[in-house]
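I open this notebook page to keep track of what I looked up, one topic at a time. The structure goes in first, and my entries follow it.

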Amino acid sequence: MRFYITTPIYYINAAPHLGHAYTTLVADAVARAHRLSGHDVFFLTGTDEHGQKVERAAQKAGMPTKLFADQTSQAFRTAFADLNVSNDDFIRTTEPRHFRAAQELWRRVRDNGYIYKGQYEGWYCTVDEIFVPETQLVDGRCPTCGNKVEKIAEESYFFRLSAFEERLRELYASRPDFVTPAVRRNEIVSFLEGGLQDLSVSRTSFTWGIPVPDDPAHVMYVWFDALTNYMTAVGYGDADASAAGRFSHYWPADVHLIGKEIVRQHAIYWPAFLMAADLPLPGQLVSHGWWLMEGAKMSKSVGNVVRPKDYVDRFGLDAFRYFVMREMIFGQDADFTDEAFLGRYNADLANDLGNLASRATTMIHRYCGGVVPAPDAVLLVREPEADLRERTGVAIAAVKARTVEFQLSLALREIWDVVSATNRYIVTREPWALAKDPAKRAELDTALYTALDALRVVAELLRPFMPDAAERILAMVGVRPDSGAWGALAAGDLAPGTRLGETIQLFPRIDQTVEELRRLAAGEPAAPPTPASSTTSTKEKRVTELPQNVPPAAPAAGSSSAATPAPAAADTRLSIDEFMKVDLRVARVLTAERVPNSKKLMKLTIDLGTEQRTIVAGIAEAYEADALVGRTVGIVANLKPAKLMGIESNGMILAASSADGKPMLISFDGTPEPGTRIR
Ligand code: MSP
């Protein structure tokens, strides 16, 4: 199957922000899903570079317009590459191939009798590049973006849009899914009911555009120029025979993915232009909602934009990709908040997915020498095993379906259902308990196999959304990523005997609060990085830039900061940042044995969630070794190693001492997971 998907081409007067990133990431995930299903995919994005707005922005920057366009277009190209976007082409409307295509379309429409010359007088919004009828002005401003409109009166070519009223109505009656979601389609249908007026499609008051064929005093209206990009990229207007072949192979596009504010141009103008040129219409216009910041659309003119880089630097690229695709219910608007970001990072990524990946693989290293064990065929059909396998199989079908319908948030929810079910399965089966009894070897192998197989499916399903993290998980499982993996993806297919790769920690928990992160971003001293064994780039980096949407918080009362001068005399109190340097963690005791020839010392192996360590503690007079195994303790995790009776100790157990010097281990109100930070 062939699948051609486009994003809007972005105006280059603003630097790329979350809104642009979101559309492009959604298209990226859907394109990747189709590729994984073995389809022939063409994924296009690019920049929309003509029009008065760009000409003015270049003048303001004191640069030649072409140079300005080159630089700002490059910023989009780089931003998308940094987001690991897998576009097959990046189109610029200033490229010669696009001039040829737009002029070719113009000629065909004109020769078919749908373009005529006249005089245009009316209001124009340069920000949105739209003509605004006087009746639609809101206090003299554009109804879409709220910016001032300008009066224009000039000779202009007109496109006979009114001639297509009936055919457009028929289009919407015969193809109810042409525009989705339905709410946008209904808007278009009611707009059509109001009747269509001819559209001014050329300007003479500036020159930064594509010259109208045979009348170069006019440049094309930017939307006529811009919409054509979708055909340019697949060879329209190129005289070369192979280009003609490409065009007939890829055109019409299957999906134009757009934001909700540009539906009208895509749903009325574009089909009408194509009808006027006797060209086939695209398959579907899929529109999404807006990212809002405290209820207002995020946009450069309001100045309330989120820069993806700030979040990618702090939390990692795949965390950013996950958040935007999970948080926005496709089609609706969504508010971007740091609290939601941090919450999802810690709950969904660090706890649920990160723990599953490290638990499921670590146990196979520990109990099976790092090789996938063969499950027992009889044990595999018991309820929890069969349930998990069935649930995983159902999720495979659901994730595939939801993804190609653009319901990415729902697709991710399906994947997380499997993650949670697998985590619960591990708790039910307690492999660590099975491992203590050699008679339960088959049960242990079956449990470890079942959990790892579910993790493998989770990783395969995550590939369109979090390509890098997904491949890292597959490497941990020992499976090579196959480019067409979704075609035959099924639960229970993991091959016993597969050698696992190294277990790494993907999403180290971030223990700072949003307030602390804001202070760090504002340049105050950083707390120590999150867990020491992390391999992601986020751990080494301090946030160096303030995320745009979070003003630095006022210093907390009593904390030392620039705004609260420190007392002059020796003040031995610690600042919060000094305290945070001590890495206190929850750990679980795995083994305990007295150190020979020592009355006090006990040698413990502890599980720190991501690693195991040896700690030598002076508690042997107060505790029996057996009573310690399985106990949850608190430790200092970042002490330099020390040798006690020849054994290297890596950490210190937290305990109080009674009046007679007897140690008393601290305990918790509940059972926190190993590795949890204590503050
Ligand atoms: N150049 C036109 C599109 C021409 S397509 C032939 C244009 N460009 S734009 O730079 O303004 O980008 C608009 C697109 O960016 C929106 O349709 C949407 O995809 C994305 N977003 C910009 N701001 C957004 C939000 N705040 N939220 C979500 N996406 C938004 O219009």
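**Entry 1: the parallel sheet.** I began with strand S1 and strand S12, the latter covering residues 255-259, and I found that the two pair in the parallel sense over two bridges. I note here that this is a predicted model, and I keep that in mind for each entry on this page. Looking for a residue pair that shows the match between the two strands, I found that Thr6 stands opposite His256 in S12. I then asked myself in what order the strands of this open sheet lie. Its six strands follow the order S3-S2-S1-S12-S13-S7, and their pairing is parallel. At the edges I found strand S3 (89-92) and strand S7 (179-180), and since each has a single partner strand, one side of each is left without a neighbour in the sheet. As a reminder to myself, strands of a sheet pair through backbone hydrogen bonds, and they may do so in a parallel or an antiparallel way.

**Entry 2: the antiparallel sheet.** I next looked up an open sheet of four strands, which has the order S5-S4-S6-S8 and antiparallel pairing. Which strands stand at the edges here? They are strand S5 (130-132) and strand S8 (199-200), each of which has a single partner strand, so one side of each is left without a neighbour in the sheet. I went through the sheet pair by pair, beginning with S5 and strand S4 (residues 115-125), which pair in the antiparallel sense over three bridges. In this pair I located Cys125, which stands opposite Ile130 in S5. Going on from S4 to strand S6 (residues 150-159), I found that ten bridges join the two, which run antiparallel, and that Gly118 has Ser156 in S6 as its bridge partner. For S6 and S8, which also run antiparallel, I noted two bridges, with Phe159 opposite Leu199 in S8.

**Entry 3: backbone details in the loops.** I stayed with the loop between S4 and S5 for a moment, as Glu129 is found there. The phi angle of Glu129 is near 55 degrees, which is a positive value in a residue other than glycine. I then turned to cis peptide bonds, and I found one from Thr180 to Pro181, with omega near -5 degrees. Pro181 has its place in the loop between S7 and helix H6 (182-193). Another cis peptide bond joins Trp251 and Pro252, where omega is about 0 degrees, and I placed Pro252 in the loop between helix H9 (241-250) and S12.

**Entry 4: the ligand.** Which residues come nearest to the ligand? Of the 24 residues around the ligand, I wrote down Ile9, Tyr11, Thr23, Asp48 and Trp291 as the nearest. I then looked at single atom pairs, and I found a backbone N or O atom of Ile9 at 2.8 Å from a nitrogen atom of the ligand. A polar backbone atom of Tyr11 lies 2.9 Å from an oxygen atom of the ligand, and for Thr23 I noted an N or O atom of the side chain at 2.6 Å from an oxygen atom of the ligand. Of the 670 Å² of accessible area that the ligand has on its own, the protein covers 95%. I also checked which elements give two or more residues to the shell around the ligand, and these are strand S1 (2-11), helix H1 (18-36), helix H7 (222-227) and helix H8 (229-232). S1 gives the most to this shell, with four residues. Sorted by class, the shell has twelve nonpolar, nine polar and three charged residues.

**Entry 5: the second largest pocket.** I finished with the second largest pocket, whose volume is about 690 Å³. It has 26 lining residues, and of these I recorded Arg366, Trp432, Arg588, Leu590 and Asp607 as the closest to its centre. Helix H13 (338-368), helix H17 (431-434) and strand S17 (584-594) are the elements that give two or more residues to the lining. Which element gives the most to this lining? I found that H13 does, with seven residues. By class, I noted ten nonpolar, nine polar and seven charged residues in the lining of this pocket.

How values were computed
Residues numbered from 1 in each chain as written. Predicted model: local features only at pLDDT ≥ 70, side-chain atom pairs only at ≥ 80, totals over all residues. Heavy atoms only, no water. Near = heavy atom within 4 Å. Polar contact = N/O pair within 3.5 Å; in protein donor to acceptor, adjacent residues only side chain to side chain. Areas by Shrake-Rupley, 256 points an atom, 1.4 Å probe, with all protein chains shown as cover. Nonpolar A, V, L, I, M, F, W, Y, C, P; charged D, E, K, R; others polar. 1 Å grid on protein atoms, 1.4 Å probe; cavity = no way out; pocket = protein on both sides within 12 Å on 5 of 7 lines; lining within 4 Å. Points joined across faces, edges and corners; volume = space filled by probe spheres on them. Pairing = 2+ DSSP bridges.
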